[in-house]
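Q: Please take a close look at one helix in this model. I would like its geometry, its buried side and its charged contacts.

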Amino acid sequence: MEGIYNIDNPVAKISKEHKIITEYVVKFNQSLKIRDKEFFKGLLTFFNFLENDLLQHFRFEEVVIFPASIAGDPQYGNILMVMSLQKEHGLLENQLQILSAEINDLKRSREKLSNELIDRIRIFLEELKKHAKREMTDLFPMVDANPQSKSLLPVYAEEMNRNS
């Protein structure tokens with residue numbers, strides 16, 4: 001992971017990752033609508049991707065974006081928003097781990113996905129999409145517009161890379 005976030009605009013990089021999440025949710029919903037069996041065969045691969053990459057993504061936000069936001073704008077409303085987003089990270093991580101374990105169990109047992117599990121996956125992805133949208137519309141523009149927050153992003157990203 002060293003150097004992964006050494007880019008000119010970390011907020012733009014994170015925003016691109018959020019766009020990928022949103023696109024996957026759309027693809028999931030379209031595949032669900034038409035019952036695309038090939039798509040659902042690849043669900044385990046996607047959840048493995050999520051478990052690795054989403055956790056790194058959350059860590060970057062928690063170690064770089066969130067502290068830069070608070071340090072640049074320590075107003076009460078901003079602190080509450082960041083704390084709420086961080087709490088959502090924990091809830092989403094927990095749901096992701098539970099769903100991944102269930103999907104892995106199904107893969108080993110060669111059983112079909114139940115409608116109940118598909119619905120729980122759909123709900124999880126919708127919650128993830130809402131979370132990403134909230135960060136993109138509320139937090140990131142605020143960080144990007146605040147010179148102090150923006151100047152802290154590369155400093156914190158470098159510190160994270162050094163400690164990885």
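A: What follows is a walk along helix 5, then a look at salt bridges. The model is predicted.

Start with length. Helix 5 covers residues 115–145, which is 31 residues. At 1.5 Å a residue, it should span 45 Å. Its end C-alpha atoms lie 44 Å apart, so expectation and model agree. The helix does bend, though. A kink of about 35° sits at Leu-139, shortly before the proline Pro-141.

Next, burial. Leu-139 is itself one of the buried residues of helix 5. Others on that list include Leu-117, Ile-118, Ile-121, Phe-124, Leu-125 and Leu-128. His-131 and Glu-135 are also among them.

Now the charges. Side chains of opposite charge can pair when their charged atoms come close. The structure holds 10 salt bridges. One of them joins Lys-129 to Glu-126, with the closest N and O atoms 4.0 Å apart. These two are three residues apart in helix 5, so about one helical turn separates them. Lys-129 is partly exposed, at 28% relative accessible area. Glu-126 is partly exposed too, at 22%; the cut-off for buried is under 20%.

Asp-144 forms a salt bridge with Lys-150, the closest N and O atoms being 3.4 Å apart. Asp-144 is partly exposed at 30%. Lys-150 is partly exposed at 37%. Elsewhere, salt bridges with shared partners link Glu-102, Glu-116 and Arg-120 into one network.

For comparison, look at helix 4. Asp-105 and Arg-108 meet there in a salt bridge at 2.5 Å, N to O. They too are three residues apart, about one helical turn. Asp-105 is partly exposed at 41%, whereas Arg-108 is exposed at 60%.

Conventions: Residues are numbered from 1 along each chain as its sequence is written. This is a predicted model: local features need pLDDT of at least 70, side-chain atom pairs count only at pLDDT 80 or more; totals for chains, interfaces and linings use all residues. Side-chain values use heavy atoms; hydrogens and water are left out. Helices (H or I, at least four residues) and strands (E, at least two) are DSSP runs, numbered from the N terminus. The expected span of a helix is 1.5 Å times one less than its number of residues. The bend at a residue is the angle between axes fitted to the seven residues ending there and the seven starting there. Buried means under 20% relative accessible area, exposed over 50%, partly exposed in between (1.4 Å probe, protein chains only). A salt bridge is a side-chain nitrogen of Lys or Arg within 4 Å of a carboxyl oxygen of Asp or Glu.
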